[in-house]
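Biologist: I should like to learn how to read the features of a structure in order. Would you guide me through this one?

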Amino acid sequence: MFTDFQASCRALSSIDTDTDADDNRFDLGSTTDPIVIPDPTEDHRFTQATTKGTMDATTADDGDNNNNNNSCSEDAAAANFAEKVKDRFDVVCFDLDQCAVARHSRGRLPRSDLDAFASCASADFVRAIPALLARGVGLAVCTHSDLAQHRSGDGVERPRRGDRAVVLGDELVHEVLLRVAPEHAHEFFVVAWRPKSRGARGLADPGKTRHVRACAAFYGVPPDRCVLFDDDPANCVLTGCGGGGRFSAYRVDPGVGFRFSDLRSADEPNDCFFERSDGTVDRLVRWDTKWNHEYRGTPQFHLPEPNPDLVRFYGNGFDPPKDRPILLPLCGKTVDLRWLRDQGHRCVVGVEGVEKAIEELKEESLGELRCIESKGGGGVGPGSLWTTANEDTEWFPPMPAVDAGGDAEDSRVVSIVCGDFFGLSPETFGAQTAMFASVFDRGAIVAVPPQSRQQYACVVDALLEPGGRILVVGVDPGPDRKGPPFAVTPCVARELFGPFGYSLRLLDETDSDLGRGAKSYVFLLSKPLGTSGC
């Protein structure tokens with residue numbers, strides 16, 4: 001019951017390491033329970049005096065890392081970070097493992113290793129604490145470590161007492177804070193909750209959304225005034241709190257823990273692409289997480305019917321040749337693939353990075369799709385290849401090759417390459433040169449972060465043959481949205497494709513329902529003959 005949440009908050013100030021392992025005091029309840037704001041007249045955060053554990057103050061005094069917690073002074077970097085936070089947020093939530101501490105407790109940290117674990121605390125995390133508090137910013141730790149793991153029944157022994165005792169949950173957080181920030185440990189609000197260990201089923205709040213909602217409730221602010229720092233990409237993507245808004249989240253390098261530089265500017269996308277530890281970029285993790293955990297079959301951008309702009313301008317400004325392949329980048333589970341095939345197109349090709357979206361397309365509107373072995377070319381990565389072609393038909397038929405029976409329905413093929421669109425090239429399709437005569441872009445370029453648009457444009461150009469055309473549904477989401485969707489107006493398109501000789505024809509401009517001042521555009525880009533492109 002979430003009514004137990006208030007009582008559990010009060011209990012946080014008196015942790016007893018000898019409490020029975022069945023302790024359920026920090027039960028966030030079912031996901032249908034409302035978040036109850038604790039009584040603001042009572043302090044529900046940790047109180048240092050009543051907590052068991054000792055702290056050797058000398059272990060926290062590291063001049064090289066500026067971790068002198070016994071000083072009220074703050075360095076310029078910490079002050080600059082805190083000022084940036086204050087301008088945008090009221091509450092800062094830190095993950096514990098591989099964020100506040102640049103090490104993972106693995107859900108079974110021996111009590112004897114507490115000092116060694118705490119010594120790995122991020123220097124910037126420790127430096128940020130007094131600077132943030134001085135500016136009235138609320139502090140929280142949100143972790144999936146949970147006292148309930150002592151009795152989780154997963155086969156891993158986690159004794160709470162004795163020589164092999166392990167430390168978990170809010171007890172672990174508290175012990176760490178006492179070691180790295182003894183003067184301010186009591187200032188933190190802590191949510192230590194692991195749904196699986198609590199037996200929660202059918203969660204409506206995946207990732208850390210339940211945690212941040214609890215923090216927002218405690219501090220009496222809306223979720224969008226909270227920011228989370230976390231090393232898990234999924235926790236940085238799943239930031240929607242239902243009807244309660246959306247918080248901001250920034251990914252931390254798990255190898256070094258939290259750094260001031262992890263807070264990026266307000267206009268910089270914070271959850272579109274993720275850098276791997278080797279410096280490469282994963283462009284699919286955000287969308288894979290959303291399709292598998294957040295959308296639940298109903299992404300807001302999905303249309304159950306053919307796109308009205310495609311239907312309206314097809315044959316009326318946009319005339320893709322039916323005997324030449326047409327491409328739909330970042331296609332999701334759009335029914336436009338089937339609609340174009342039904343118009344007589346011999347080869348319709350989509351590219352989608354998330355297999356879940358393709359599976360839902362097969363289930364809902366294109367049952368003939370089957371998964372075949374990936375061609376593996378063009379750097380699209382592992383992924384897979386899906387097609388409606390039968391075993392005797394090429395998934396990407398050679399073009400042109402329309403014979404007397406070429407317009408028969410069974411000769412029309414819809415194929416979907418599952419992989420990173422940015423890794424595509426003509427070689428992916430068994431060709432040496434561009435082979436698509438047409439492209440329909442609805443929801444693709446607007447989903448690409450602005451800093452990567454030129455790369456996207458170059459990939460499209462490399463696949464589009466001279467004289468080819470691109471029908472684009474663009475948008476200006478207005479001043480109240482950061483994106484995605486990102487603003488792609490005719491002016492932006494000219495900047496991207498104009499240098500390569502493309503011409504642009506505006507077909508339509510209307511007000512959009514995305515928000516105040518939002519606009520929707522439909523325009524046609526035409527590639528000149530003989531161009532070399534990017």
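The dialogue below goes from the whole chain to one sheet and a helix lying on it.

Modeller: Please note at the outset that this is a predicted model.

Biologist: How many helices and strands does the chain have?

Modeller: One begins by counting the elements. In this chain there are 13 helices and 18 strands.

Biologist: What share of the residues counts as buried?

Modeller: A residue is called buried when its relative accessible area is under 20%. Here 54% of the 534 residues meet that description. The chain exposes about 22,600 Å², and 47% of this area is supplied by carbon and sulfur atoms.

Biologist: Which share of the contacts joins residues at least 24 apart?

Modeller: One considers contacts between residues at least 6 apart in sequence; of these, 72% join residues at least 24 apart.

Biologist: In what order do the strands of the open sheet lie?

Modeller: A sheet is read strand by strand, from one edge to the other. The order of this five-stranded open sheet is β5-β3-β1-β6-β7, and its pairing is parallel. At the edges are β5 (188–192) and β7 (248–251), each of which pairs on one side only. On average, neighbouring strands of the sheet are turned by 20 degrees against each other, direction ignored.

Biologist: Over how many bridges do β3 and β5 pair?

Modeller: Pairing is read from bridges between residues. Strand β3, residues 138–143, pairs with β5 in the parallel sense over five bridges. Cys142, for example, has Val191 in β5 as its bridge partner.

Biologist: Which helix lies across β3 and β5?

Modeller: That is helix α5, formed by residues 169–180, which runs at about 145 degrees to β5.

How values were computed. Residues are numbered from 1 along each chain as its sequence is written. This is a predicted model: local features need pLDDT of at least 70, side-chain atom pairs count only at pLDDT 80 or more; totals for chains, interfaces and linings use all residues. Side-chain values use heavy atoms; hydrogens and water are left out. Helices (H or I, at least four residues) and strands (E, at least two) are DSSP runs, numbered from the N terminus. Buried means under 20% relative accessible area, exposed over 50%, partly exposed in between (1.4 Å probe, protein chains only). Contact means heavy atoms within 4.5 Å. Accessible areas come from the Shrake-Rupley method with a 1.4 Å probe; for residues, only the protein chains shown count as cover. Two strands pair if DSSP finds at least two bridges between them. Axes are lines fitted to C-alpha atoms, for helices over the stretch in contact, and angles run from 0 to 180 degrees between N-to-C directions.
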